[in-house]
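Let's take a walk through this model together, one site at a time. Have the sequence and the coordinates open as you read.

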Amino acid sequence: MNHGQHHYAELSSIFYPHDITGADKDLVGDNSKTTCLFCGQSRPNVTFKKDAHVIPAGLGNRTLFYLNECDTCNTRFSYYENELVNFLTFDRIFISAQKRPGSGAPKYKQKGKQSALEMNSGKLNIAILEQEGIFNVAEKEGQNIITFKINNPPPYRPEDICKCLTHMGWALLEDEDKTLVSYVPNWLLGKIDIYPLYLDTAFVPGNGFANVILEVLKTTHADSINYPYLIRFTYGTKIISFYLPASPDIKCAPLLYSYCPHIPENAAVSPTTWTIPSNERIKPDDITYTWSYRDKDPRTDIKV
Ligand SMILES: [Zn+2]
């Protein structure tokens, strides 16, 4: 692919395994400060009792937390996290990321239904009850290729995905960077709106990235000055990039930045650019995956 001109440079990044089960906590913030990083409130107006995850717990983070995030802000941000986790539902399954320690292999199953998708010890188990109409499978005879359609996958709100990425990326910004985009906390807290928002998503073929990668890139060129920071989140088979505007009134689209060192040179990757005009929630009709496989177990019937 053509990586184009390098108009951003990496400012800071975090790599971590899909499931961190270690006991060591990595805390972002300053213990001596008693005000919330986002709303600016202090005790006793707000409490600081809950774990404030930098990267959502639902995506495997057990160790990386904000020190100075109050419980009220934490509750608000958890809604944004849910939208990102919904968007990455199937990536989570394909890379076997546990939702909670000891919760076992991740599974996709709609409430009250039998059809299910589960990755267990490197094997993808698919349970299909045809009359439920949740999954459709098409196979090319003799080619070891399967096309798998998931109907009514979880909905997600793209605006909240942008906010969730920004909430994560805030941990990687220095104070001087935060000053340049000082409107961000108010935007995250819903005090101001910014539309349109610009987000790229790229699907990278293969088994998914071995690490979760959070990166903040900073502009190095006048061409991207309206979007001084790019927050990039790599998870499973997806790379999601959010262009953080210099101010809430920037309307022009950012210059696409497609260079990503994590993408193998020969991979055919073309990012999709999203222009997000509102806080609308998207309910996709279906998602289709095409897989090639080495071998397949014989089919067994679901007992109902
Ligand atoms: Zn707060």
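Start with C70, which is buried, with a relative accessible area of 0% (buried means under 20% relative accessible area, exposed over 50%, partly exposed in between, using a 1.4 Å probe and protein chains only). Before going further, a word on the ground rules: this is a predicted model, in which local features need pLDDT of at least 70 and side-chain atom pairs count only at pLDDT 80 or more, while totals for chains, interfaces and linings use all residues. Residues are numbered from 1 along each chain as its sequence is written, and side-chain values use heavy atoms, with hydrogens and water left out.

So what is C70 doing in there? Its SG is one of the protein donors of the zinc ion, along with the SG atoms of C36, C39 and C73, lying 2.3 Å from the metal. Donors here are N, O and S atoms within 2.8 Å of the metal (3.2 Å for Na, K and Ca), and since water is not among the atoms, sites may look incomplete. The 4 donor atoms subtend angles of 106 to 116° around the zinc ion, which makes the arrangement tetrahedral. For four donors, that label requires all angles to lie between 85 and 135 degrees. For reference, the ideal angle for four tetrahedral donors is 109.5 degrees.

Along the chain, the donor residues follow the spacing C-x2-C-x30-C-x2-C. C39 sits in the loop between β2 (26–28) and β3 (52–53), and C70 in the loop between β4 (64–66) and α1 (71–87), so this pair ties together parts that are 31 residues apart in sequence. (Helices, H or I with at least four residues, and strands, E with at least two, are DSSP runs numbered from the N terminus.) Unlike buried C70, C39 is partly exposed, at 24% relative accessible area.

The record has something to say about this stretch too: UniProt, in an unreviewed entry, places the feature "domain: HNH endonuclease" at residues 36–77. UniProt positions are given in the numbering used here, feature names are shortened, and annotations may be inferred rather than shown by experiment. In the model, the end C-alpha atoms of that span lie 13 Å apart, and the span is 17% helix and 12% strand.

While you're in the loop between β2 and β3, look at P44, which is placed there. The peptide bond from R43 to P44 is cis, with omega near 0°. Another cis peptide bond joins Y195 and P196, with omega about -5°, and P196 lies in the loop between α5 (184–188) and β10 (197–203). Most peptide bonds are trans.

Y195 leads us neatly to E159, because their side chains make a polar contact at 2.9 Å (a pair of N or O atoms within 3.5 Å; within protein, one must be able to donate a hydrogen and the other to accept it, and residues adjacent in sequence count only if both atoms are side-chain atoms). E159 is in helix α3 (residues 158–169) and is buried, with a relative accessible area of 4%. Beyond its neighbours within four places in sequence, E159 is in contact (heavy atoms within 4.5 Å) with residues including W187, D193 and L197.Helix α3 also holds C162, which counts as buried at 0% relative accessibility. Not counting residues up to four places away in sequence, C162 touches W187, L197, L199, F242 and I276. The C-alpha atoms of C162 and I231 are separated by 9.0 Å, with their positions 69 residues apart along the chain.

F242 brings us to the largest nonpolar core, a set of 54 residues in which L84, L165, W187, L214, F233 and F242 touch the most other members. A nonpolar core is a set of buried Ala, Val, Leu, Ile, Met, Phe, Trp, Tyr and Cys residues joined through side-chain atoms within 4.5 Å. The biggest contribution to this core comes from α1, with 6 residues. Apart from it lies another core, of 13 residues, among them Y108, M119, I134 and W291.

Finally, check two asparagines. N144, in the loop between β8 (135–140) and β9 (145–151), has phi near 55° and is partly exposed at 30% relative accessible area. N152, in the loop between β9 and α3, has phi near 50° and counts as exposed at 55% relative accessibility. Most residues other than glycine have a negative phi.

Notes:
Tetrahedral: all angles 85-135°; square planar, octahedral: opposite > 155°, others 65-115°.
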